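Hi there,

Here is the structure I promised to pass on to you. Have a look at it first, and then read my notes below.

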Amino acid sequence: MVNEKKTLPKRIILMRHGESAGNIDAGAYATTPDHKIPLTEEGREQAREAGKKMRALISTHSGDGACGENWRAYFYVSPYERTRTTLREVGKAFSRRRVIGVREECRIREQDFGNFQVEERMRIVKETRERFGRFFYRFPEGESAADVYDRVSSFLESLWRDVDMNRHQVEASSELNLVIVSHGLTSRVFLTKWFKWTVEEFERLNNFGNCEFRVLELGGSGEYTFGIHHSEEEMLAWGMSKDMIDDQMERVDGSRVTTSNDTCPLHLNEYFDLLDETDDEE
């Protein structure tokens, strides 16, 4: 049964793991399974600093009164070693009182590039991916971004069931912050699904930096937006188009007209540009 008094998350924060051994030496994947690739010491420090920044952002921008005082955080984390270690270091910035819980979530793991990855072979494979298309190319013995999209879609359905049924067990007077500690491509796929972006819009997106986090917050429209915590210049650097950025900014104050893919007209002319304006017969 759906909880009619459900509390929507105030923020959904997407974070990529810190610098890993694979980020500085691609040869690591030839001898170490991807899910066991560790963070470097620099990666651990990045995570500790990111945790401090994240906590400061949440506490500084929380609402007035009880709601601002009672903010809470719930974490979803990929089961890979580098994401789990990232969360452990991020968590050092939070008191136990602020953390509702943590869930290890296999569906937000890294894209599967195959098993042990021989560096020279992977270089050729990635060159082929660029020619084929980054979204649909499936790595031998691995996944395509389209495969990741399918499992991330399933995760999103579960996330909203958690919200609907108040499985986060957050009090009505509290601000809920959902933090998803994952991987670069997985996070971009998550956003593509969330905002119903097209394959072409996905393929123009740039990757997250190590321990970079991007903040979605409820705007005046009742929809989530990057426009509260991020500038248009930042979003442009992420690879977003002007239309994508305009959509984000219109969500901030509620001025957005419903022209997204929710009702399809955003891309209507791409497919039906030759239609008559009316169905009157001559």
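**Strand S1 and its neighbours**

In strand S1, Arg11, Ile13 and Met15 point one way while Ile12, Leu14 and Arg16 point the other way, and all are buried (under 20% relative accessible area, where over 50% is exposed and in between is partly exposed, with a 1.4 Å probe and protein chains only). In a regular strand, side chains alternate between the two faces of the sheet. Please keep in mind that this is a predicted model: local features need pLDDT of at least 70 and side-chain atom pairs count only at pLDDT 80 or more, while totals for chains, interfaces and linings use all residues. Residues are numbered from 1 along each chain as its sequence is written, and side-chain values use heavy atoms, leaving out hydrogens and water.

Because six of the six residues of S1 (residues 11-16) are buried, the strand is largely enclosed by the rest of the structure. Strands (E, at least two residues) and helices (H or I, at least four) are DSSP runs, numbered from the N terminus.

Which strands pair with S1? One is S4 (residues 176-182), parallel to S1 over six bridges; pairing requires at least two DSSP bridges between two strands. Here isoleucine 13 has valine 179 of S4 as its bridge partner. Another is S5 (residues 213-218), which runs antiparallel to S1 and is joined to it by five bridges. In that pair, methionine 15 stands opposite phenylalanine 213.

Now for a helix. H6 (residues 145-164) is mostly covered, with 14 of its 20 residues buried. Just after H6, asparagine 166 takes a positive phi of about 50 degrees.

Enjoy exploring!
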